[in-house]
Each structure stands twice: as structure tokens, then as C-alpha cells.
Protein chains: 2
Amino acid sequence: MSPLIHINFRDARPIYQQVKDGFCQLILSGALPPGYKLPSVRELATSLTINPNTIQRAYRELEQEDYIVSVPGKGSFVCDGKQAAQARRRELMERFEKLVKEMEQLGISRGQLIQKLREGEEKP
Amino acid sequence: MSPLIHINFRDARPIYQQVKDGFCQLILSGALPPGYKLPSVRELATSLTINPNTIQRAYRELEQEDYIVSVPGKGSFVCDGKQAAQARRRELMERFEKLVKEMEQLGISRGQLIQKLREGEEKP
DNA sequence: TAACTGTATTAAGACACATAGTACAGTTAA
DNA sequence: TTAACTGTACTATGTGTCTTAATACAGTTA
């Protein structure tokens, strides 16, 4: 019954972007398996009390980025996602390297970051 | 002669934000030492061919965030920056942890990231 | 047939960003 | 003192994005 997606109206990101990001994460994490049928444009719009056009924009862009496929009359479905996940991993790796360089400029060494990573390694 | 700040009109960030980010980096990296006199609002606006109001907004926010101090009639000057650097480090640490968690969800382990960090440790 | 599905279009309002022009007060050097 | 600089404040205007709204059309399914 939890509504898959949560919208925060105080978020700086526009609504359609929050919808996109939400589904991206659900798909990439495997929470929504390939073939899963997404809620219809009108259904999701109603349950979130936002405009159908806003949902449609999110779905259109998700399809353009190969996260889902939309079939008129049938619905929208999660794609295989292996390609999308691969591309996403590369993107995050780039962000990671960029962030590390920025932190080095402020005097945070790679060694400190390694230690920070080790701290989170324990499994409680 | 290099104009301190570069504006990219194709950048998604608004101009005033690009100006802010540019000076933040220059100040935090130490390229602009405490006490350094920034170009005047009108001078920078002319050299970048953008509106003085846009520069003023950037300077106003930089002052609110303790990166610079502006004195009417005299100019704008770089602050000490130790406090700002401390706040910036905390902010980057949060972004780092957030990014790491996102990468873990996509199957990139902390171990892999540690190895990645070690690769960049050599000094050529 | 009726009720669903995605898709497309146009209109309107709200808001942020940027520009333009003007004005005022403090500082500094000629 | 004057002239030229400095930051600051304000209003008006144009533009683009986001969002809502109201329709309309075509494909699918029970």
C-alpha cells in the first residue's frame, strides 16, 4: 500500500524529476523487476494528487532513457535495465572521482576517505 | 589576464550560481588569499558582459555565507575562510556518504571504492 | 460497447532568472 | 571640493520552466 513514490513539495527538484528519480532508484536497485507494470499515468496522478501531464512527462523521459517502455492501450513496463545500470555505474564513478578531487583540495586526503569507508563496512 | 571566473551559458546552473561556485572554489583552495580585493560589481559585470545585478546577487550571497565581506565605497574582500572551509568539509563529507550508499545499491562495494582511491594515491 | 491504456495539444498561471534603468550613500584620489 | 569610483536598493520588463487544466484521439481489453 506504500505508494512507491513520495513527493516532497519543499524539494528543490521539480515534481516530474522526483518521480523520475524515484523510479530510477526502484528500477536500478531491483525493487521493480523487468516487466513490472507501472501505475497508469492517470492512476498515479490521482494517488499523488498531481497533474497527469506531470506524470506523463516523467514517464516520457524514463522511456527516452531506456528505463521503461510504454505501450499505448496496455501500460508502462520496466525494461531489462542492465544497460541502464551499467551507464549509471559509470556516471556515479565519475561523480565519485570528481568529489574526491574536490575534497583533496580542501585537505581531506584519500587515506582519510579510505578510513571513512572502512568504518561503514561492518555489518550490524 | 585570465578572468578569474568563467561563465558557461549552456550550463544548467544560473549565472549568479556559477559566479558563486567559481569564487567559492578559488577561496577555499587558497587561490584567493584572505583580504584579496574582488573585482567590483560593475567591473566584473562588464568583463563578463552580464548584468551588474546578477553579480550583485552572487556577491550578496557570498557575503551571507561568510566567504567575503563587502564594504560600501571600498569593495568586496575575501574573508579568513577557516570557518567556511570547515563547513564546506562537512558538506562534502555528507555528499560523499550519500554517494557511497547510492553506489552500494548498484553493486559497487566499499572495497572497490577503496581500491579506486588507492590507485589515485601515487604521485607521478 | 464500455472502461481502461498511452499520447498529443493548447491555454493559463506561478515562479525564477536575467536584463535595464535609475537612484543614493560612502570612499578615494586629483 | 570635485570627480570617479565603490556597494546597495528599487522598480519594471522579458523570458523560460514548471505545473495545472481541459480536451481530444487511438489502441487494448473485458
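**Entry 1: a base contact**

I began with Gly73(B), where a polar backbone atom lies 3.1 Å from a base oxygen of DNA strand D. I note that the model is predicted. I then looked up Gly73(B) beside the other strand: a backbone N or O atom of Gly73(B) is 3.5 Å from a sugar or linking oxygen of DNA strand C.

**Entry 2: the surroundings of DNA strand D**

I asked which residues are closest to DNA strand D. Among the 26 residues that surround this strand, the closest are Ile15(A), Asn53(A), Thr54(A), Arg57(A) and Arg42(B). For two of these I looked up the phosphate contacts. The side chain of Thr54(A) has an N or O atom 2.8 Å from a phosphate oxygen of DNA strand D. For the side chain of Arg57(A), the distance from an N or O atom to a phosphate oxygen of DNA strand D is also 2.8 Å.

I next looked up which parts of DNA strand D lie within 4 Å of the protein. Sugar or phosphate holds 63% of those atoms, and the rest belong to bases.

Both chains contribute to the surface near DNA strand D. Chain A supplies at least two residues from each of helix H1 (15-28) and helix H3 (52-64). Chain B does so from helix H2 (41-48), helix H3 (52-64), strand E1 (68-71) and strand E2 (75-78). By class, I recorded eight nonpolar, eleven polar and seven charged residues on this surface.

**Entry 3: the surroundings of DNA strand C**

I turned to DNA strand C, which is surrounded by 26 residues. The closest are Arg42(A), Ile15(B), Asn51(B), Asn53(B) and Thr54(B). Of the atoms of DNA strand C that come within 4 Å of the protein, 63% are accounted for by sugar and phosphate.

I recorded two phosphate contacts here. Glu63(A) places a polar side-chain atom 3.5 Å from a phosphate oxygen of DNA strand C. Tyr16(B) has a polar backbone atom 3.5 Å from a phosphate oxygen of DNA strand C.

For the surface near DNA strand C, helix H2 (41-48), H3, strand E1 (68-71) and strand E2 (75-78) of chain A each give at least two residues. H1 and H3 of chain B do likewise. The classes on this surface are eight nonpolar, eleven polar and seven charged.

**Entry 4: the relation between the chains**

I asked what rotation superposes chain B on chain A. The rotation is 179 degrees, with 0.0 Å of shift along its axis and an RMSD of 0.2 Å. The two copies are therefore related as by a two-fold rotation axis. In chain B, Ile114(B) has the C-alpha nearest the axis, at 2.7 Å.

I also asked why the copies can be said to meet through the same surface. The reason is that 100% of the interface residues of chain B are also interface residues in chain A.

**Entry 5: the largest pocket**

I recorded a volume of about 1200 Å³ for the largest pocket. Its lining has 33 residues, and Arg13(A), Asp21(A), Arg88(A), Arg95(A) and Glu102(B) lie nearest its centre. Two or more lining residues come from each of H1 and helix H4 (82-105) of chain A and helix H4 (82-105) of chain B. The lining of the largest pocket divides into eleven nonpolar, eight polar and 14 charged residues.

**Entry 6: the second largest pocket**

The second largest pocket holds about 760 Å³ of space. I found 25 residues lining this pocket, with Glu102(A), Arg13(B), Asp21(B), Gly22(B) and Gln25(B) closest to its centre. H4 of chain A, together with helix H1 (15-28) and H4 of chain B, are the elements that give two or more residues to this lining.

I asked which element gives the largest share of the lining of the second largest pocket. H1(B) does, with nine residues. By class, I recorded eight nonpolar, seven polar and ten charged residues in the lining of the second largest pocket.

Methods: Residues are numbered from 1 along each chain as its sequence is written. Chains are lettered from A and ligands numbered from 1 in the order in which they are written. This is a predicted model: local features need pLDDT of at least 70, side-chain atom pairs count only at pLDDT 80 or more; totals for chains, interfaces and linings use all residues. Side-chain values use heavy atoms; hydrogens and water are left out. A residue is near a molecule or strand if one of its heavy atoms lies within 4 Å of it. A polar contact is a pair of N or O atoms within 3.5 Å; within protein, one must be able to donate a hydrogen and the other to accept it, and residues adjacent in sequence count only if both atoms are side-chain atoms. Helices (H or I, at least four residues) and strands (E, at least two) are DSSP runs, numbered from the N terminus. Ala, Val, Leu, Ile, Met, Phe, Trp, Tyr, Cys and Pro count as nonpolar, Asp, Glu, Lys and Arg as charged, and the others, Gly among them, as polar. Copies are superposed by least squares on the C-alpha atoms of residues with pLDDT of at least 70 in both. Contact means heavy atoms within 4.5 Å. On a 1 Å grid over the protein atoms alone, a cavity is a set of points where a 1.4 Å probe fits but cannot get out, and a pocket is an open set with protein on both sides within 12 Å along at least five of seven lines; lining residues have an atom within 4 Å of a point. Grid points are joined across faces, edges and corners, and a volume is the space filled by probe spheres set on the points.
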